[in-house]
Amino acid sequence: MKTPPKDAYSLILDAIDVGDYRPGDRLVESELADRFGVSRTPIREALQRLETQSLLTRDGRSLIVASLDHNQLAELYVVRAELEALAARMAARHATEEEVRVLGDMVAADRALLGDPAALSRANRRFHKQIHLASHNRFLVQQLDLVHRSMALLATTSLAARGRDEIALAEHGAIVDAIRDRDEERAGRMLRDHISQAFVTRLKLDSGDETAI
C-alpha cells in the first residue's frame with residue numbers, strides 16, 4: 001500500500017505551534033518544500049489556506065507568521081474562556097471514569113515538568129485537549145481547535161512567568177476534581193477563572209513583569 005502524501009498544511013501549522021516559526025518570521029515556499037520533503041504546489045496551497053485563516057499575513061510580497069495585537073488577544077481569550085468553560089461543564093456531565101483518570105494522571109505527571117515552560121506548555125495543550133474530548137461534543141471540539149490554532153500566534157507562554165507553572169498545575173488539579181465530582185458549574189467556573197488568570201499573567205509578561213501574581 002502506498003503511504004498517503006504528507007499534509008503540508010498540518011506540517012506548517014505544527015511548526016508554528018511548536019515555535020519553529022514565530023510571529024514575524026517569513027515563510028518561503030522553496031525552503032518549506034525542502035524542509036518537509038514535499039513539492040511547492042501543496043506548500044503554496046497550504047500557505048494560501050493559512051493566510052485565509054489569518055495565521056499568516058502579507059508583508060509586501062512575502063508571507064509572515066501573523067501576530068496578535070492587544071485587542072485581538074483580549075478577544076481571543078474571551079472566546080477561549082467561554083468555550084473552555086463549556087467544555088469543562090460538559091466533561092463533568094459526560095466524561096467516562098477512564099477519561100477522568102487520564103486527566104488526573106496528566107496533572108500528576110506534569111509536575112515533573114515544572115521549571116520547563118516549553119515542555120509544560122505542550123503538556124498544557126494536551127491537558128486542555130483531553131478536556132475538550134471528554135465533553136463528547138464534536139462541534140465544540142472543532143471550535144476549540146480553531147481557537148487553539150490562533151493561540152499558536154502568541155510569542156510567549158504565560159507559563160514562563162515566575163510561579164505561574166505551579167499555580168496553573170494546582171488549578172488543573174482543582175478542575176479535574178470538579179469534573180470527577182460531576183459538579184458542572186464548579187468545573188466551568190474554575191476553567192474560566194484558569195483561562196482568565198492566564199490572560200492576566202500574559203499581559204504582565206508583555207509589560208515586562210515576569211511574575212505570575
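1. In this predicted model, helix α4 passes helix α9 in a right-handed crossing. The two helices are α4, made of residues 70-94, and α9, made of residues 184-206, and their axes come within 7 Å and cross at roughly 155°. That angle makes α4 roughly antiparallel to α9, because angles over 145 degrees count as such.

2. A second helix pair, α1 and α2, is arranged at another angle: the axes of α1 and α2 come within 11 Å and cross at roughly 95°. The two helices are therefore roughly perpendicular to each other, since the range for that description runs from 65 to 115 degrees. On the α1 side the contact is made by L11, I12 and A15, and on the α2 side by L32, R35 and F36.

3. Helix α1 itself, which spans residues 8-17, deserves a closer reading, and a reader may begin by asking which of its residues are buried. They are A8, Y9, I12, L13, A15 and I16. Because these residues cover an arc of only 160° around the axis, they lie on the same side of α1.

4. What do the buried residues of α1 pack against? Their partners include two further helices early in the chain, α2 (29-36) and α3 (40-52), together with the strands β1 (26-27), β2 (56-59) and β3 (62-65), and also helix α7, formed by residues 138-151. I12 and A15 belong to this buried set, and both also take part in the contact with α2 described above.

5. Both ends of α1 can be described in some detail. At its start, a side-chain oxygen of D7 reaches to within 3.1 Å of the backbone nitrogen of Y9, and Y9 is one of the buried residues of the helix. After the helix comes G19, a residue whose phi is positive, near 90°.

6. Positive phi values also occur in residues that are not glycine, and H136 is one of them, with a phi of about 55°. H136 is placed in the loop between α6, which covers residues 117-134, and α7. With a relative accessible area of 46%, H136 is partly exposed, because that description applies between the limits of 20% and 50%.

7. R182 may be read alongside H136, for its phi is near 60°, again a positive value in a residue other than glycine. Where does R182 lie? Its place is the loop between α8, residues 164-180, and α9, the latter being the helix that α4 passes in the right-handed crossing of the opening point. At 32% relative accessibility, R182 counts as partly exposed.

Key: Residues are numbered from 1 along each chain as its sequence is written. This is a predicted model: local features need pLDDT of at least 70, side-chain atom pairs count only at pLDDT 80 or more; totals for chains, interfaces and linings use all residues. Side-chain values use heavy atoms; hydrogens and water are left out. Buried means under 20% relative accessible area, exposed over 50%, partly exposed in between (1.4 Å probe, protein chains only). Helices (H or I, at least four residues) and strands (E, at least two) are DSSP runs, numbered from the N terminus. The arc is that of the directions from the helix axis to the C-beta atoms. Contact means heavy atoms within 4.5 Å. A polar contact is a pair of N or O atoms within 3.5 Å; within protein, one must be able to donate a hydrogen and the other to accept it, and residues adjacent in sequence count only if both atoms are side-chain atoms. Axes are lines fitted to C-alpha atoms, for helices over the stretch in contact, and angles run from 0 to 180 degrees between N-to-C directions. Angles under 35 degrees count as roughly parallel, over 145 as roughly antiparallel, 65 to 115 as roughly perpendicular and the rest as oblique. A crossing is left-handed if the near helix is turned anticlockwise from the far one by less than a right angle, and right-handed if clockwise.
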